[in-house]
Amino acid sequence: MTDLLLDPDSKIEQPRLWRDNGWTARVIKNEDDDGWAVAMIKDGEPEPALIGPWTMGRDKKNPKPLDGNAFYTLVKTAAEFVRRHEQQLHATLHQSITVTAKNARVTVLLDIVPDDDNPSATLTAQDEAGTELAQLRVSPGFKLNRSSATAWADGGFQKP
């Protein structure tokens, strides 16, 4: 049993533990009440990607055993959750807005590098052809919106 848990490529199909295709489902006691939960863990990750309620078995005391259909549905749900989280993070860290300034279309991009010790951000302006007009470092807390982008472009791309 221990060898199966240590080998990340081994397939496990047990009533409370399933592993396959890079995911592990573990049925756990719900800490908040008398029920059960299932934790979905992506291989190599220290924390579950998703924890959700799990159905009680017929005896109303123990959890319903995991099965293939339930496991693959849980994998699909957890993978979608991870994908959406990654998309949201990307959108937060890489923003862009196109404005009209001085009768020209300008795209302003904000790229944030989230670093625990030294976070940074870069503000870049491009013309319609994608040619860089200006670039400068700004605070990672800089708020990029239509008015801040227009003001930066209209102000000659000076430090906001």
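1. The side chains of T98 and T107 are joined by a polar contact of 3.0 Å. This note concerns a predicted model, and that contact is a convenient place to begin reading it. T98 has its place in strand β6. With a relative accessible area of 30%, T98 is partly exposed, because a residue counts as buried only under 20% and as exposed only over 50%. Leaving aside neighbours within four places in sequence, T98 is in contact with R105, V106, T107 and R146. A further relation along the chain concerns A149: T98 and A149 are 51 residues apart in sequence, and their C-alpha atoms are separated by 8.1 Å.

2. T107 also appears in the surroundings of T124. Among the residues in contact with T124, not counting those within four places in sequence, are T107, V108 and L109, together with E132, A134, Q135 and W152. T124 belongs to strand β8, which covers residues 120-126. Is T124 buried or exposed? Its relative accessibility is 5%, so T124 counts as buried. The side chain of T124 makes a polar contact of 3.1 Å with the side chain of Q135.

3. The loop between β6 and β7 deserves separate attention. The strands on its two sides are β6 (94-101) and β7 (104-113), and N103 is found in the loop between them. K102 lies in that loop as well. At 79% relative accessibility N103 counts as exposed, and K102, at 61%, likewise counts as exposed. The phi angle of K102 is positive, at about 50°, although K102 is not a glycine. N103 and D154 are 51 residues apart in sequence, and the distance between their C-alpha atoms is 9.9 Å.

4. Where else does a residue that is not a glycine have a positive phi of about 50°? N21 has such a value. Most residues other than glycine have a negative phi. N21 lies in the loop between β2 (17-20) and β3 (23-29). With a relative accessibility of 57%, N21 counts as exposed. A reader checking the backbone may therefore wish to view N21 with its loop setting and its exposure in mind.

5. The aromatic residues form the next topic. How many aromatic pairs does the structure hold? There are three. In one of them, the ring centres of F71 and Y72 are 5.2 Å apart and the planes stand at 75°, so the pair is edge-to-face; the cut-off for that class is an angle over 60 degrees. Ring pairs also link W18 with F71 and Y72 into a cluster. The accessibility of the two paired residues can be set side by side: F71 counts as buried at 0% relative accessibility, whereas Y72 is partly exposed at 36%.

6. A70 lies in helix α2, the helix that comprises residues 68-93. Its relative accessible area is 18%, and A70 is buried, because the limit for that class is under 20%. P15 is 55 residues away from A70 along the chain, and the two C-alpha atoms are separated by 11 Å.

7. Helix α2 is also relevant to the largest pocket. Which element gives the most to the lining of that pocket? Helix α2 does, with four residues. The lining consists of K42, E45, E47, P48, A49, F81, V82, H85 and E86. By class, four of the lining residues are nonpolar, four are charged and one is polar. The space in the pocket amounts to about 160 Å³.

8. The last point concerns P53, whose place is in strand β5 (residues 50-54). P53 is exposed, with a relative accessible area of 75%. Residues up to four places away in sequence aside, P53 touches W36, A37 and V38. P53 and P114 are 61 residues apart in sequence, and 33 Å separates their C-alpha atoms.

Notes. Residues are numbered from 1 along each chain as its sequence is written. This is a predicted model: local features need pLDDT of at least 70, side-chain atom pairs count only at pLDDT 80 or more; totals for chains, interfaces and linings use all residues. Side-chain values use heavy atoms; hydrogens and water are left out. On a 1 Å grid over the protein atoms alone, a cavity is a set of points where a 1.4 Å probe fits but cannot get out, and a pocket is an open set with protein on both sides within 12 Å along at least five of seven lines; lining residues have an atom within 4 Å of a point. Grid points are joined across faces, edges and corners, and a volume is the space filled by probe spheres set on the points. Ala, Val, Leu, Ile, Met, Phe, Trp, Tyr, Cys and Pro count as nonpolar, Asp, Glu, Lys and Arg as charged, and the others, Gly among them, as polar. Buried means under 20% relative accessible area, exposed over 50%, partly exposed in between (1.4 Å probe, protein chains only). A polar contact is a pair of N or O atoms within 3.5 Å; within protein, one must be able to donate a hydrogen and the other to accept it, and residues adjacent in sequence count only if both atoms are side-chain atoms. Contact means heavy atoms within 4.5 Å. Rings of Phe, Tyr and Trp (its six-membered ring) pair if their centres lie within 6.5 Å; planes under 30 degrees apart count as stacked, over 60 as edge-to-face and the rest as tilted.
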